[in-house]
Amino acid sequence: MIANPSSLASGTARALTGKVRVPGDKSLSHRALMLGAVAVGRTRIAGLLEGEDVLGTAEALRALGVDIARGDDGRWTVHGVGVSGLAEPDTVLDLGNSGTGARLLMGLVAAHPFTRHFTGDVSLRRRPMARVIEPLIRIGAQFIAREGSRLPLAVVGARDPLPTVYRLPVASAQVKSAVLLAGLNAPGETSVIEPAPTRDHSERLLRHFGARVEVTDDAGGRHITLTGQPELIAADLTVPSDPSSAAFPVVAALIVPNSELSIAGVGVNPLRAGLFDTLLEMGADLGFANRRVEGGEPVADLTARTSALKGVTVPAERAPRMIDEYPILAVAAAFASGRTVMHGLGELRVKESDRLAAIAEGLAACGVTVAVEGDTLIVEGSGRPPAGGAAIAARLDHRIAMSFLVLGLAARAPTRIDDGATIDTSFPGFVALMNGIGAAIAPPPS
Ligand code: S3P
């Protein structure tokens, strides 16, 4: 594994071929550590993502009194302290670039009667926290945050937490999970109602550790109900490869001529697989073999071959199932024939960067005709490779950095990003993996 140097350029690749495995799922890795931390006993986790975001969560849990270690075999061991066993840290919890780490941990500590201070990097300190603060106040926690409910903030956990019924104002798996994690330490039933189903990793893993979680659907949305104060029992698990990371080599193989790539053991949870559905609609030659269940999650071996893509319309309802994949989908759309219209992208404005702006400005700089109309992104594909040749500001956003490096692999001129360091938050070894299958990504000539 090589560290990503800060500035990177990608030039034309002739073909991408080989069989690879991408790192473990980020969402599941955060949750596996957190639930292992509040289960009773020793949980062993195989396939944990060793990216900076997840390592930050491990470090924060250690500060909360949990013993977490990596074994020589690459498996991680968490010695859980039980649902009410987290301690008061004597330091500030710094979650770096990770919204998932920060928001889920705020939920986990909200029903423990101590004070914790949270902070993060420049990107995370800009992101809205009101969406988790509001429901956690109902449970009894108190918050002192910066103007605009931003980090750094202090959480005073509830001494007598109350169960709640919370209807999510936005479809967010992070908010849902924060409320459920807080509900672990509240008596009675804590319910979250989602306007549209979001990734259900928390529900699956809570059950894996022995919690009772019921899910029902009605006209008002999806109701997820957790029975509080369970005795969670340590339970080993294997984290599948991250579909959001697989998305980058997959799209690269679709747009670079003469490519054929296999990626083993990728998570294909239907609530994460919106990108793959969309690429199939665009005419992508994508295969899914050996479908199986690993660690309670559906998994498959993927193949991707060079494809003539065509533009499609992606409905707003699909956004929660592929929310992190729009930057790389927009790159695929830039190589397609015809117009791709992506609706319902308001949430992209509050990710690691304002992704709607970052995608539109980056694609325009690469010679692509692109427009943002409200929450809709429109990319005009000319059916031939875009010019490329631009220097893109990655804005402390790993997915913007990787997306434009992928674009450069098949554009008419190399593409450059100003800072690739954040790629390590989610995809350590990205550059080495891509170069191993035939890409040409390297620090630009100075
Ligand atoms: C995540 C949920 C999504 C996603 C993020 C990971 C999770 O965020 O963008 O990368 O693990 O729950 P939102 O809940 O804000 O949509």
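Student: Why is the largest pocket said to lie between domain 1 and domain 2?

Tutor: Domain 1 (8-24 + 240-442) and domain 2 (26-221), whose bounds come from an automatic or database domain assignment, both give residues to its lining, so the largest pocket lies between them. This is a predicted model, in which local features need pLDDT of at least 70, side-chain atom pairs count only at pLDDT 80 or more, and totals for linings use all residues. Residues are numbered from 1 along each chain, and side-chain values use heavy atoms, without hydrogens and water.

Student: What makes a residue part of the lining of the largest pocket?

Tutor: On a 1 Å grid over the protein atoms alone, a pocket is an open set of points where a 1.4 Å probe fits, with protein on both sides within 12 Å along at least five of seven lines, and a lining residue has an atom within 4 Å of a point. The largest pocket has 32 such residues, with Gln174, Arg199, Ile323, Asp324 and Lys351 nearest its centre.

Student: How do you know that Ser172 and Lys351 are around the ligand?

Tutor: A residue counts when one of its heavy atoms lies within 4 Å of the molecule, and the residues around the ligand include Ser172, Asp324 and Lys351.

Student: What makes the pair formed by the ligand and aspartate 324 a polar contact?

Tutor: The term requires a pair of N or O atoms within 3.5 Å; an oxygen atom of the ligand is 2.6 Å from an N or O atom in the side chain of aspartate 324, so this pair is a polar contact. For serine 172 the corresponding distance is 2.7 Å, and for lysine 351 it is 2.7 Å.

How values were computed: A polar contact is a pair of N or O atoms within 3.5 Å; within protein, one must be able to donate a hydrogen and the other to accept it, and residues adjacent in sequence count only if both atoms are side-chain atoms.
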